[in-house]
Amino acid sequence: MTHIQYIDELIREYLLFRGFAGTLKMFDIELKQDKEKGFRVDRIVDQFLQLIYAHDLTAVREFWSHLHTRMFSKLEKEFTSCKLLLISLI
């Protein structure tokens, strides 16, 4: 279990313990809609492939832009050539 999953479970247990059923429900809904998928590569790739298979170019570009803003822009110089190659494909 990753650290993020562990924290999510702690938060879920706390909300349940305190009786915040509505908040717990919204927390679960927002976790399902999380674009970064807890920074789990397999989930990010699955989401990206689902958008491609659905032929939703707008959503692919939005998702890619989100990833660029949150992750790719913070890469070190030696990894930017791979990023540029992927951007040129889109």
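**Exercise 1. Classify histidine 55 by its accessibility, then place it in the chain.**

Histidine 55 has a relative accessibility of 72%, so it counts as exposed. The scale calls a residue buried under 20% relative accessible area, exposed over 50% and partly exposed in between, with a 1.4 Å probe and protein chains only. The model is predicted: local features need pLDDT of at least 70, side-chain atom pairs count only at pLDDT 80 or more, and totals for chains, interfaces and linings use all residues. Residues are numbered from 1 along each chain as its sequence is written, and side-chain values use heavy atoms, with hydrogens and water left out.

Next, the place. Histidine 55 sits in the loop between H3 and H4. Last, the backbone. Its phi is positive, about 55°, although histidine 55 is not a glycine. Most residues other than glycine have a negative phi.

**Exercise 2. Describe the overall make-up of the protein.**

Start with the elements. The protein has five helices and zero strands. Helices (H or I, at least four residues) and strands (E, at least two) are DSSP runs, numbered from the N terminus. Along the sequence the pattern reads α-α-α-α-α.

Then look at burial. Of the 90 residues, 19% are buried.

Finish with contacts, meaning heavy atoms within 4.5 Å. Take those between residues at least 6 apart in sequence: 32% of them join residues at least 24 apart.

**Exercise 3. Work out how H1 and H2 are arranged, and which residues meet.**

Step one: the helix itself. H1 covers residues 3–18, which is 16 residues. From first C-alpha to last it reaches 23 Å, close to the 22 Å expected at 1.5 Å a residue. The expected span is 1.5 Å times one less than the number of residues. Glycine 19 follows H1 and has a positive phi, near 85°.

Step two: the angle. The axes of H1 and H2 (residues 21–33) come within 9 Å and cross at roughly 160°. Axes are lines fitted to C-alpha atoms, for helices over the stretch in contact, and angles run from 0 to 180 degrees between N-to-C directions. H1 and H2 are therefore roughly antiparallel. The cut-offs are under 35 degrees for roughly parallel, over 145 for roughly antiparallel, 65 to 115 for roughly perpendicular, and oblique for the rest.

Step three: the residues. Asp8, Ile11, Arg12, Leu15 and Leu16 of H1 meet Thr23, Leu24, Phe27, Asp28 and Leu31 of H2. By class, this contact has six nonpolar, one polar and three charged residues. Ala, Val, Leu, Ile, Met, Phe, Trp, Tyr, Cys and Pro count as nonpolar, Asp, Glu, Lys and Arg as charged, and the others, Gly among them, as polar.

Step four: one residue. Aspartate 28 has 25% relative accessibility, so it counts as partly exposed. Its C-alpha is 9.5 Å from that of aspartate 8, 20 residues apart along the chain.

**Exercise 4. Do the same for H3 and H4, then find the buried side of H4.**

The axes of H3 (residues 41–53) and H4 (residues 57–70) come within 9 Å and cross at roughly 155°. H3 and H4 are therefore roughly antiparallel. Ile44, Gln47, Phe48, Leu51 and Ile52 in H3 meet Ala59, Val60, Phe63, Trp64 and Leu67 in H4. This contact has nine nonpolar, one polar and no charged residues.

Now list the buried residues of H4: Ala59, Val60, Phe63, Trp64 and Leu67. They cover an arc of only 135° around the axis, so they lie on the same side of H4. The arc is that of the directions from the helix axis to the C-beta atoms.
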